[in-house]
Structure formats: C-alpha cells, structure tokens
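The exchange below works through a protein structure one question at a time, with each answer reasoned out before the value or name is given.

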Amino acid sequence: AWTETLITKATDPEVIHKRELQRFKQQCQQENTPLCYFRFNPSNVDIEMDTSSPEKIDALIQLTNVYFQKPKIQARLDRFTNLVISKSFYFASQPTIKPVSNELLNVTFLVQSKITEMAEGLIVSILPIGKTPAVEKTYQEKNEETGIRKFWFNCKVGGSISISVKVLINTSTTSPIDISGSPYLLNLPEEIQAQNTVRKSTTNNSLRGSVLKDSSNY
C-alpha cells in the first residue's frame with residue numbers, strides 16, 4: 001500500500017497540482033509577490049496518458065482542442081503566453097553610470113530577450129523618486145544581429161530613480177507587462193569630484209541598483 005501511495009504522490013496530476021499550488025502560495029507570501037499560477041486541465045478525460053492506441057490518442061487530441069477553444073480557456077492561454085513573452089526580456093547588464101559634467105551623469109543599460117522577439121515594442125519609463133529631478137529624454141538603439149537594445153539618458157547627480165521597462169505585445173488587447181527585474185531602483189551618487197573617483201566608486205553600493213518586487217497583477 002505504501003508503494004502505491006508513493007507512486008500516486010509522484011504521478012497523480014491532481015495530487016501534484018495541489019502540492020505545487022500550495023508551494024507557490026507559500027513562496028509568494030514569503031516574497032510578498034502576487035500569485036501567478038496556471039493549470040490547463042481538460043475535464044472528462046478517461047484516457048491513460050501512456051496509452052499507445054491511435055484511437056485513444058486521437059480522442060485525447062480532440063478533447064484537448066475542444067478545451068482550448070473555450071473563450072475562458074483561450075483568454076487564460078493568451079494571458080499565459082503574453083506573460084512568458086514579457087518575462088523573456090531582462091536587463092542584460094546592470095546600469096552603468098558615467099560622469100558628463102560636474103552635475104550631470106550618463107546612465108546606460110541593456111535589455112535582451114531569451115527567445116525570438118514576439119513583441120510590438122518596449123515602453124521605458126524613468127521615474128524620479130522623492131525630490132530627484134526628472135529625466136527629460138531617453139535614447140535607444142537596437143543591435144539587429146544580437147537583438148540587444150541599448151538605452152541611455154542623462155540625469156542630475158543625487159537621489160534615486162526607478163527604471164521601468166514594459167513589453168507591448170498587442171496594442172489592441174493587452175496592457176504592457178513588466179520585463180524580468182522591472183522596475184529597477186537605481187541610487188545615484190551625490191557628487192562628482194573627479195572622473196577617476198567616480199570610476200573607483202562603481203563598486204560602492206551608492207551606484208548599485210536593487211531590484212524592486214514585481215507587484216504587477218497578471
């Protein structure tokens with residue numbers, strides 16, 4: 001009996017679903033992030049998954065197709081695929097900070113996708129925090145060979161900014177979704193004494209960004 005119990009715990013889809021859902025809930029509570037869990041489960045399937053019968057396999061395919069054609073399931077599937085596409089984008093490097101003048105800094109960061117791009121575009125927002133001066137303009141260019149996108153902007157010294165990058169997948173049906181690691185909190189140095197000093201201080205925490213919790217609801 002105990003061997004059957006072990007096999008059931010390892011192979012029964014319903015048991016695995018409940019176990020993993022509980023694990024994800026606990027993890028999200030610990031990390032203070034919203035639960036994002038998908039399960040696609042066609043009902044009324046009385047076919048062994050390891051069957052080799054062509055008739056049963058065709059019946060299983062037909063049941064699955066009917067299941068995914070339901071509007072509610074199709075909406076969930078679209079939501080899932082959009083999330084996978086958006087989270088495939090990530091910061092390819094930490095933002096680099098270089099002095100432009102005594103009071104002005106240049107910030108550069110790279111964004112890349114792990115899969116073939118299926119998005120219509122990226123939306124970048126540089127939001128000042130507290131009394132930090134606003135960033136007037138952001139520039140970008142794309143390397144067509146590697147797909148890496150380079151973004152840069154100039155800003156005043158001191159304060160903190162939030163770098164938000166969202167993926168626009170479908171302009172008519174989908175709201176922009178944050179990429180992995182977005183928004184990114186960047187603390188700016190308070191002053192620039194010399195270029196060598198700034199370069200040396202890049203190992204200091206004042207120039208390091210920290211990833212904010214992704215609190216967007218999917």
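Q: Which glutamate meets the side chain of arginine 23 in a salt bridge, and at what N to O distance?
A: The model is a predicted one, and a salt bridge here calls for a side-chain nitrogen of Lys or Arg within 4 Å of a carboxyl oxygen of Asp or Glu. The side chain of arginine 23 satisfies that cut-off with glutamate 20, N to O, at 2.7 Å.

Q: In which helix do arginine 23 and glutamate 20 both lie, and how many residues apart are they?
A: An α-helix has 3.6 residues a turn, so residues three or four places apart point the same way. Arginine 23 and glutamate 20 are separated by about one turn of the helix that holds them both, which is H2 (residues 13-31), and their spacing is 3 residues.

Q: Is arginine 23 buried, partly exposed or exposed?
A: The buried class ends at 20% relative accessible area and the exposed class begins over 50%. Arginine 23 has a relative accessible area of 41%, and is therefore partly exposed.

Q: Which residues are joined into one network by salt bridges that share partners?
A: Besides its bridge with arginine 23, glutamate 20 meets the side chain of arginine 19 in a salt bridge of 3.8 Å, N to O. Arginine 19, at 40% relative accessibility, and glutamate 20, with a relative accessible area of 22%, both count as partly exposed. Through shared partners, the salt bridges link into one network Arg19, Glu20 and Arg23.

Q: With which lysine does aspartate 178 form a salt bridge?
A: The closest N and O atoms of this pair are 3.1 Å apart. The bridge links distant parts of the chain, with aspartate 178 in strand E8 (residues 177-178) and its partner 12 residues apart from it in strand E7 (residues 160-168). That partner is lysine 166.

Q: Which of aspartate 178 and lysine 166 is buried, and which is partly exposed?
A: A residue is buried under 20% relative accessible area. Lysine 166, with a value of 26%, is partly exposed, whereas the 6% of aspartate 178 makes the buried residue aspartate 178.

Q: What separation do the C-alpha atoms of isoleucine 129 and isoleucine 161 have?
A: Isoleucine 129 belongs to strand E4 (residues 121-129) and is partly exposed, its relative accessible area being 39%. Leaving aside neighbours within four places in sequence, its contacts are Ser160, Ile161, Ser162 and Leu185. Although isoleucine 129 and isoleucine 161 are 32 residues apart along the chain, their C-alpha atoms are separated by 5.4 Å.

Q: Against which elements do the buried residues of H4 pack?
A: Helix H4 (residues 71-87) has 17 residues and spans 24 Å from its first C-alpha to its last, close to the 24 Å expected. Its buried residues are Ile73, Asn82, Leu83, Ile85 and Ser86. These buried residues pack against helix H3 (54-68) and strands E1 (89-91), E7 and E8.

Q: What percentage of the 218 residues in the protein is buried?
A: The secondary structure of the protein comes to 5 helices and 10 strands, and of the contacts between residues at least 6 apart in sequence, 64% join residues at least 24 apart. The protein exposes about 14,500 Å², of which carbon and sulfur atoms supply 51%. The buried share of the residues is 28%.

How values were computed. Residues numbered from 1 in each chain as written. Predicted model: local features only at pLDDT ≥ 70, side-chain atom pairs only at ≥ 80, totals over all residues. Heavy atoms only, no water. Helix = DSSP H or I, 4+ residues; strand = E, 2+ residues; numbered from the N terminus. Buried < 20%, exposed > 50% of the residue type's maximum accessible area, 1.4 Å probe, protein only. Contact = heavy atoms within 4.5 Å. Areas by Shrake-Rupley, 256 points an atom, 1.4 Å probe, with all protein chains shown as cover. Expected span 1.5 Å × (residues − 1).
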